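These are my notebook entries on a single chain. I looked up selected residues, then ring pairs, cysteines and cores.

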Amino acid sequence: MFAAAAAAATAVNDTTETTTTAATASATAATATTVATTTASDALATVAAIGATAISGGAVNGLLDNLADEAWFCAYVAKCAAMCFIVVAALFGNLLVMVSVMRHRKLRVITNYFVVSLALADMLVAIFAMCFNASFELTGRWLFGRFMCDVWNSMDVYFSTVSILHLCCISVDRYYAIVQPLDYPLIMTKSRTVVMLASVWVSPVLISFAPIFAGWYTTAAHDRERARHPDVCAFVVNKQYAVVSSGVSFWVPGVIMLFTYYRIYQEADRQERMLYRSKVAAALLNKHLQINGISALGALSTSDAVKDVDVETDPDSGAFRPAASSNKMKRERKAARTLGIIMSAFLACWLPFFTWYMMSSLLEGGSWMPRWVTVLVFWVGYFNSALNPLIYAYFNREFRVAFQKTLQSCWPKSPPWCPPCLRRRYEQSRNETATATAAFGQQNMYNYSNASEVHYMNPATIALLQNNGGSGGSGGNGTAGANKYTSWKNILSGKSFVRKLDGDLYKNIPSKIAATVDGLENLPESVPKSKVRTMAPSTRLALIAAQEAVDDSKLFLSAVDKENIGVSVGVGMVDLEDVYQTAKALEISYSKVSPYFVPRILLNMAAGQISMTYGIQGPNHAVSTACATGAHAIGDGFRFIQYGQAKAMICGAAESCISPLSIASFCRIRALSTQNDKPELASRPFDIKRDGFVIGEGSGMLILEELEHALNRKAHIYGEILGYGLSGDASHLTAPPENGQGALLAMSRAILDANLDKTQISYVNAHATSTPVGDAIELTAIKRLFNEHCINVHVSSTKGSHGHLLGSAGNLESIFTILACYEGVIPPTANLNNICKEAENLICVSKSPMQWKQEKRIAIKNAFGFGGTNACLCFSNFI
């Protein structure tokens with residue numbers, strides 16, 4: 001850290017002024033003690049000096065005699081080796097970090113912006129601080145003059161402080177990533193990261209270059225002594241500077257790091273307890289099965305879920321309980337553990353030095369500690385700059401792999417200095433990497449050759465939205481209406497159909513509201529009532545909506561080839577209530593488990609039941625891509641028709657998973673709105689008071705037909721699908737990148753697929769779920785896509801009325817988008833009273849519908865899901 005630690009000086013508390021014995025620049029810190037000049041008035045001044053006394057010709061001979069001493073020589077060589085190792089390790093280790101992050105895309109995340117900047121700071125510490133210090137320690141003299149002494153002291157303080165503040169920033173970044181994962185993308189934006197990094201690099205100037213060159217850091221006596229002996233480099237600080245500099249450089253960042261890690265540890269401990277309870281429950285269930293002689297499920301005893309948890313019987317009550325000898329589970333997640341190691345290394349390296357620095361600065365006199373201890377604590381602090389890359393390599397697998405690949409690119413063969421045992425491992429690892437790369441390359445060649453044979457038809461003349469069924473909930477009695485017309489009317493009126501949830505299990509859950517559906521018993525007549533128990537609620541909703549779509553399309557009233565009609569229907573989540581109740585039934589008896597449990601939870605059963613109900617034998621396709629499921633199902637059906645694999649497709653999705661368990665799960669990731677007092681106002685996309693989405697349920701189905709097929713049977717055509725775009729965020733488990741790149745790619749590809757110019761788009765039906773992060777990022781992507789055309793683009797989201805239907809959101813809102821194109825009316829965003837700043841330059845339709853007077857009305861519909869999956873559909877009215 002500070003250059004003050006190279007040698008300790010003795011402060012003379014006397015009424016007479018003493019002078020430092022310094023007659024020449026030929027000096028050695030190894031054999032002499034610096035005496036700083038002071039007076040009685042300066043007796044309380046802090047002295048932490050780097051200096052040297054002059055030595056005479058006789059002292060030179062003494063030095064040679066010492067060199068002849070074997071023990072002293074060995075210590076000197078060890079000192080040289082240790083310093084050189086720390087300097088080289090800091091230089092090349094941190095250079096490896098910077099190169100690896102630049103070479104490997106997986107490491108280019110917000111956190112690693114701090115890591116790369118830290119690596120740069122540590123390299124500069126090695127170049128501008130360690131090297132100067134090492135030259136002084138190894139030669140025993142200051143070689144660079146008075147001005148360079150100030151430069152060295154300034155750079156030492158500056159770069160060491162920058163390095164420590166980076167560790168503080170990394171701790172704060174990990175705090176938000178682990179403790180507030182859903183808010184993390186909104187908090188740690190690129191702009192905020194840039195501001196933090198700028199502060200880290202600029203603020204240390206105030207305690208380094210500015211006070212040192214202005215002379216504020218030292219005492220008047222030391223200034224006089226420097227003028228008398230310019231060939232001596234001493235760093236004597238006053239008490240005020242010692243307190244401020246050490247506070248900014250260590251104590252304040254250290255407290256912040258301790259606080260953030262404590263909170264992270266609490267979160268990790270909480271998750272451990274939840275995991276432990278789940279494992280205990282699994283172990284108890286397994287024990288119950290064994291006691292009841294159910295051997296078919298005996299494999300549970302060796303599964304990962306229960307192998308670390310033993311169960312014993314309470315001798316008093318006979319009840320099962322976790323055995324006292326259960327293996328201890330890991331107490332921290334990987335990220336928390338890595339941060340803990342970094343923080344521990346930071347404290348272990350720097351705490352001794354800053355403790356010495358404060359004590360020697362605030363106490364009278366600085367010669368109470370042996371000089372070799374002073375040098376040791378100083379270079380231990382320096383060692384922290386070399387230690388960070390080793391921590392990344394050991395505790396972070398992605399960094400470890402990136403380091404390995406970077407080194408392999410530098411040395412095609414094992415480095416000559418590599419030991420034989422490591423050399424074999426190095427060559428083996430390199431061969432495995434080369435084999436995997438070659439195999440991947442062959443697979444790509446195979447895929448490209450197949451892709452070139454695909455017959456691609458003009459999307460502008462293929463699939464039409466022939467009909468739609470379903471509503472803001474279902475095709476039966478749904479959240480927003482009993483059928484598409486009722487639903488559409490309610491959507492245009494801006495009504496909200498969110499209601500409060502009843503039940504004791506909801507009392508302790510933060511969110512107690514949802515958009516629920518009634519009328520699940522209204523199945524088509526073609527479905528026997530005996531089959532109802534074989535179906536999940538989502539499957540029943542899908543059949544109700546499909547029946548309405550088929551009836552309105554009159555698809556099967558004329559002779560059609562059912563072998564050329566297919567199904568593309570998805571479900572986002574299984575019914576967790578069904579899973580929970582079945583698990584409870586199993587605790588009672590094996591025979592209580594329904595034989596239809598597996599068919600009910602399979603996500604392809606909605607598509608399968610529709611196919612069986614209508615006897616259609618074309619593509620039977622199921623989709624499950626979280627909240628993008630419905631849009632992907634429509635897009636995939638569109639592609640089936642384009643590629644000539646079907647003449648018509650029943651497309652859509654269904655969702656019905658509202659239960660205490662699902663609500664609690666979404667609450668745990670802070671995704672749901674907690675505005676329970678006014679449920680009808682809780683879902684408010686784009687509003688500044690939005691605080692999360694409101695879960696909904698329902699279904700919507702579309703009939704897609706090839707144009708000629710629809711015209712030949714004189715079908716009533718509502719609209720046309722022009723394009724379909726997909727993308728992946730490759731960013732975060734639940735949040736998109738802050739620049740909306742994934743959404744931008746999906747929208748751009750849909751418009752390109754439609755062979756349109758973006759200026760032809762005048763309406764965007766947004767995914768906008770009413771979350772602070774998601775809505776803002778989607779608006780950012782829309783503005784990036786349209787640029788100056790934003791002023792002509794209308795944006796709205798119907799989720800303010802019917803909530804977020806998860807997997808069935810994209811298809812339901814596609815229906816409303818098609819009806820908007822068909823009728824020339826843009827639906828409003830319910831509850832949008834105060835538009836957020838991200839919506840600037842866009843036309844956000846709120847409160848009442850807006851007339852759409854263009855002859856050719858073209859819109860795009862967005863749908864995004866957890867896991868970074870994105871879909872965009874381009875619709876228009878049919879002319």
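**Entry 1. Serine 659**

I began with serine 659 in this predicted model: is the residue buried or exposed? Serine 659 has a relative accessible area of 2% and is therefore buried, the limit being under 20%. I located serine 659 in the loop between strand 10 (648-655) and helix 20 (660-668). Setting aside residues up to four places away in sequence, I found that serine 659 touches Tyr506, Leu576 and Glu577.

**Entry 2. Serine 568**

I next looked up serine 568, which is found in strand 8 (residues 565-571). Its relative accessible area is 0%, so I noted serine 568 as buried. Which residues does serine 568 touch, not counting those up to four places away in sequence? I listed His621, Val623, Ala633, Asp636, Gly637, Met649, Ile650, Cys651 and Gly652.

**Entry 3. Threonine 582**

Threonine 582 lies in helix 16 (residues 576-588). I recorded a relative accessible area of 11% for threonine 582, which places this residue among the buried ones. Leaving out neighbours within four places in sequence, I found threonine 582 in contact with Val593, Phe597 and Arg600. For one of these partners I also looked up the backbone distance: the C-alpha atoms of threonine 582 and phenylalanine 597 are separated by 7.7 Å, and the two residues are 15 residues apart along the chain.

**Entry 4. Aromatic pairs**

I then turned to the rings and found 20 aromatic pairs in the structure. How are the rings of tyrosine 217 and tyrosine 241 arranged? Their centres are 6.1 Å apart and their planes stand at 70 degrees, so I entered the pair as edge-to-face. Tyrosine 217 is in the loop between helix 7 (209-214) and helix 8 (220-228), while tyrosine 241 is in helix 9 (residues 239-291); the pair therefore ties together parts that are 24 residues apart in sequence. Both partners are buried: tyrosine 217 has a relative accessible area of 1%, and tyrosine 241 has 7%.

I looked up a second pair, tryptophan 488 with phenylalanine 816, whose ring centres are 6.1 Å apart and whose planes are at 25 degrees, so this pair is stacked. Because tryptophan 488 lies in helix 14 and phenylalanine 816 in helix 25 (residues 809-823), the pair ties together parts that are 328 residues apart in sequence. I noted tryptophan 488 and phenylalanine 816 as buried.

Ring pairs also link a cluster, in which I counted Phe250, Trp251, Trp350, Phe353, Phe354 and Tyr357. Elsewhere, I found a charge over a ring: the charged end of lysine 562 sits over the ring of phenylalanine 556, 5.1 Å from the centre of that ring.

**Entry 5. Helix 14**

Having met tryptophan 488 in helix 14, I went through this helix (residues 484-493) for burial. The buried residues are Lys484, Ser487, Trp488, Asn490, Ile491 and Leu492. Just after helix 14, glycine 494 takes a positive phi of about 75 degrees.

**Entry 6. Cysteines**

How many disulfides does a search of the whole structure find? I obtained zero. I followed up two cysteines to see why. For cysteine 821, the closest cysteine sulfur belongs to cysteine 874 at 8.4 Å, which is too far for a bond. For cysteine 872, the closest cysteine sulfur is likewise in cysteine 874, at 7.1 Å, again too far for a bond. A disulfide would require the sulfur atoms to be within 2.5 Å. I noted cysteine 821 as buried, with a relative accessible area of 0%, and cysteine 872 as buried, also at 0%.

**Entry 7. Cores and the whole chain**

The largest nonpolar core has 81 residues. I listed the residues with the most contacts inside it as Phe114, Met130, Tyr241, Phe353, Tyr357, Trp379 and Tyr382. Apart from this core I found another, of 36 residues, among them Leu492, Leu702, Ile721 and Val845.

I closed with the totals. The chain has 25 helices and 19 strands, and buried residues make up 54% of its 879 residues. Of the contacts with a separation of 6 or more, 78% are between residues 24 or more positions apart. The accessible surface of the chain comes to about 38200 Å², and carbon and sulfur atoms account for 60% of it.

Technical notes
Residues numbered from 1 in each chain as written. Predicted model: local features only at pLDDT ≥ 70, side-chain atom pairs only at ≥ 80, totals over all residues. Heavy atoms only, no water. Buried < 20%, exposed > 50% of the residue type's maximum accessible area, 1.4 Å probe, protein only. Helix = DSSP H or I, 4+ residues; strand = E, 2+ residues; numbered from the N terminus. Phe/Tyr/Trp six-rings, centres within 6.5 Å; stacked < 30°, edge-to-face > 60°. Lys NZ or Arg CZ within 6 Å of the ring centre and 35° of its normal. Core = buried A, V, L, I, M, F, W, Y, C linked by side-chain atoms within 4.5 Å. Contact = heavy atoms within 4.5 Å. Areas by Shrake-Rupley, 256 points an atom, 1.4 Å probe, with all protein chains shown as cover.
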